Amino acid sequence: MRRVSILGATGSIGQNTLDLIARAPDDYSVVALTGAGNIPQLAADARRLRAEIAVTAYEDRLEDLRAALAGSGVEAAAGPQAVIEAASRPADWVMSAIVGAAGLAPGLAALQQGGTLALANKESLVCAGPLMLRTARQHGARILPVDSEHSAIFQALVGEDTAAVERIVITASGGAFRDWPIEDLGHATLDQASSHPNWDMGQRITIDSASMFNKAMEIIETWEFFGIDPARIEVIVHPESLIHALVGFRDGALMAHVGPPDMRHAIGYALHWPERRSLPVARLDLAQIGGLTFRAPCDARWPALRLAREVMMAGGLSGAVFNAAKETALDGFIAGRVGFTQMAPVVEEVLTRLSDTARGATEITLDNVARVDHLSRETASAVIAEKAG
Ligand code: NAD
Ligand code: MG
């Protein structure tokens with residue numbers, strides 16, 4: 001029996017992970033499930049899967065969680081520190097699927113107990129890539145990518161010499177506004193930005209797909225995780241979302257990973273690695289699909305892609321500044337305070353104002369990241385207020 005924990009169990013990735021685990025209940029013993037506001041879901045899953053402990057990140061929801069778990073024998077806990085403690089309980093495999101920078105400290109705690117961390121939380125790598133990799137090394141832990149593009153790259157590299165890699169191409173669906181006239185983007189509403197043409201995901205990453213901030217984060221994630229020179233990382237718009245990434249080798253070969261847009265593939269690959277087991281995902285009928293199309297990404301439509309390049313160039317803690325500013329701009333968009341096309345200018349302004357701070361801090365430690373994250377959120381809020389006033 002493998003001991004598994006799922007951080008962010010109530011979200012889109014978390015629920016897809018539980019779907020796979022629940023299909024083979026005798027193979028897994030569930031240690032911890034964590035969530036935030038959706039107490040009924042968290043408690044129901046913890047009961048069903050006989051978890052040792054269920055944790056809500058919201059301190060003031062402890063009594064609700066206790067009540068929902070009454071008589072089940074599942075421990076209840078609440079608050080950010082309790083999430084970190086649950087993540088550090090010994091487990092063979094931990095899914096990191098909290099959304100946002102809030103996933104960093106729990107992911108690090110999981111790495112410190114030395115098992116495998118299946119990493120969906122790309123923000124951890126954007127904010128603190130070197131810290132994540134160093135922590136894994138120090139504790140004999142392993143990080144397996146779960147983001148579909150990064151799982152695809154990882155799979156294309158099996159058995160290959162990484163020195164022979166010439167380039168990595170990650171695909172982007174183009175999101176909700178791929179075919180909109182650029183001049184209409186300023187009026188895009190929250191509802192419109194919250195529906196994805198191909199993938200069913202949490203709301204924040206869906207909006208980030210429309211703005212391409214998601215792809216911007218994924219370029220940085222590729223750079224941090226695979227250690228490849230930014231100039232060798234390309235993005236191509238591929239509206240069908242069937243090819244997830246391609247790895248180009250020095251002999252001119254391109255190895256593409258093709259599969260249905262179903263996160264259970266990447267999650268299942270990380271769950272069963274290094275084996276490949278049968279997974280409940282659709283099999284593609286290529287004759288019926290007929291064709292795959294590609295286009296170059298347009299910088300004017302998606303300025304976030306350029307910002308990602310600037311972040312990699314600046315290095316240091318720029319990723320942490322970038323992510324926190326992006327999260328704050330996104331909060332503003334969701335709250336109706338920031339227009340869709342204003343998110344990138346807000347992030348750019350924060351990067352400019354904090355460029356010295358980002359460069360200045362030498363070591364990427366959790367404390368330094370937390371400090372810069374906080375400063376970036378404050379600065380982004382100020383920029384948003386200035387733009388509104
Ligand atoms: P989601 O919004 O559906 O779920 C987020 C989870 O995090 C929930 O369980 C929620 O309770 C928890 N959470 C929210 N705020 C928290 C906080 N402050 N502290 C602790 N827990 C908190 O998000 P998602 O779409 O499942 O995405 C999760 C992560 O996976 C993100 O980093 C996202 O970028 C990444 N990812 C998602 C997909 C996808 O298909 N959904 C694909 C690739 C990568
Ligand atoms: Mg992705």
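In which helix does H150 lie? In this predicted model, the answer is α7, which spans residues 148-156. The legends below start from that residue.

**Figure 1. Surroundings of H150 in helix α7.** H150 has a relative accessible area of 1% and is therefore buried, the cut-off being under 20%. A polar atom of the H150 side chain lies 3.0 Å from the backbone oxygen of E218. Leaving aside residues up to four places away in sequence, H150 touches P145, E218, E221, T222 and F226.

**Figure 2. Coordination of the magnesium ion (ligand 2).** D147 (OD), E149 (OE) and E218 (OE) coordinate the ion at 2.1 to 2.2 Å. Along the sequence the donor residues follow the spacing D-x1-E-x68-E. D147 belongs to the loop between β7 (142-145) and α7, whereas E218 belongs to helix α10 (residues 213-226), so the pair ties together parts that are 71 residues apart in sequence. Both D147 and E218 are buried. E218 also appears in Figure 1, where its backbone oxygen lies 3.0 Å from a polar side-chain atom of H150.

**Figure 3. Residues around ligand 1.** There are 22 residues around this ligand, and T10, S12, I13, A36 and E123 come nearest. Helices α1 (12-22) and α6 (122-138) each supply at least two residues of the shell. Three polar contacts are listed here by residue.

- T10: a polar side-chain atom lies 2.7 Å from an oxygen atom of ligand 1.
- I13: a backbone N or O atom lies 2.9 Å from an oxygen atom of ligand 1.
- G8: a polar backbone atom is 3.3 Å from an oxygen atom of ligand 1.

On its own, ligand 1 has 820 Å² of accessible area, of which the protein covers 85%.

**Figure 4. M95 in the largest nonpolar core.** In soluble globular proteins, nonpolar side chains tend to be buried together. The largest nonpolar core in this model holds 128 residues. Those that touch the most other members are L33, M95, M132, F322, F340 and M343. Not counting residues up to four places away in sequence, M95 touches S5, I6, L7, I13, T17, A118, A120, V146 and I267. One of these, I13, is also among the residues that come nearest to ligand 1.

**Figure 5. Loop residues M212 and S241 with positive phi.** Phi of M212 is near 70 degrees, a positive value in a residue other than glycine. M212 is placed in the loop between α9 (203-211) and α10. Its relative accessibility is 2%, so M212 counts as buried. S241, likewise not a glycine, has a positive phi of about 50 degrees. The loop that holds S241 runs between β9 (233-237) and β10 (243-249). With a relative accessible area of 5%, S241 is buried.

**Figure 6. The cis peptide bond from W273 to P274.** Omega of this bond is near 5 degrees. P274 lies in the loop between α11 (263-272) and α12 (286-289).

**Figure 7. A102 in the loop between β5 (93-96) and α5 (104-112).** Is A102 buried or exposed? A102 has a relative accessible area of 53% and is therefore exposed, the cut-off being over 50%. From C-alpha to C-alpha, A102 and A245 are 27 Å apart in space, and in sequence they are 143 residues apart.

Methods
Residues numbered from 1 in each chain as written. Chains lettered and ligands numbered in written order. Predicted model: local features only at pLDDT ≥ 70, side-chain atom pairs only at ≥ 80, totals over all residues. Heavy atoms only, no water. Helix = DSSP H or I, 4+ residues; strand = E, 2+ residues; numbered from the N terminus. Buried < 20%, exposed > 50% of the residue type's maximum accessible area, 1.4 Å probe, protein only. Polar contact = N/O pair within 3.5 Å; in protein donor to acceptor, adjacent residues only side chain to side chain. Contact = heavy atoms within 4.5 Å. Core = buried A, V, L, I, M, F, W, Y, C linked by side-chain atoms within 4.5 Å. Donors = N, O, S within 2.8 Å, 3.2 Å for Na, K, Ca; no water. Near = heavy atom within 4 Å. Areas by Shrake-Rupley, 256 points an atom, 1.4 Å probe, with all protein chains shown as cover.
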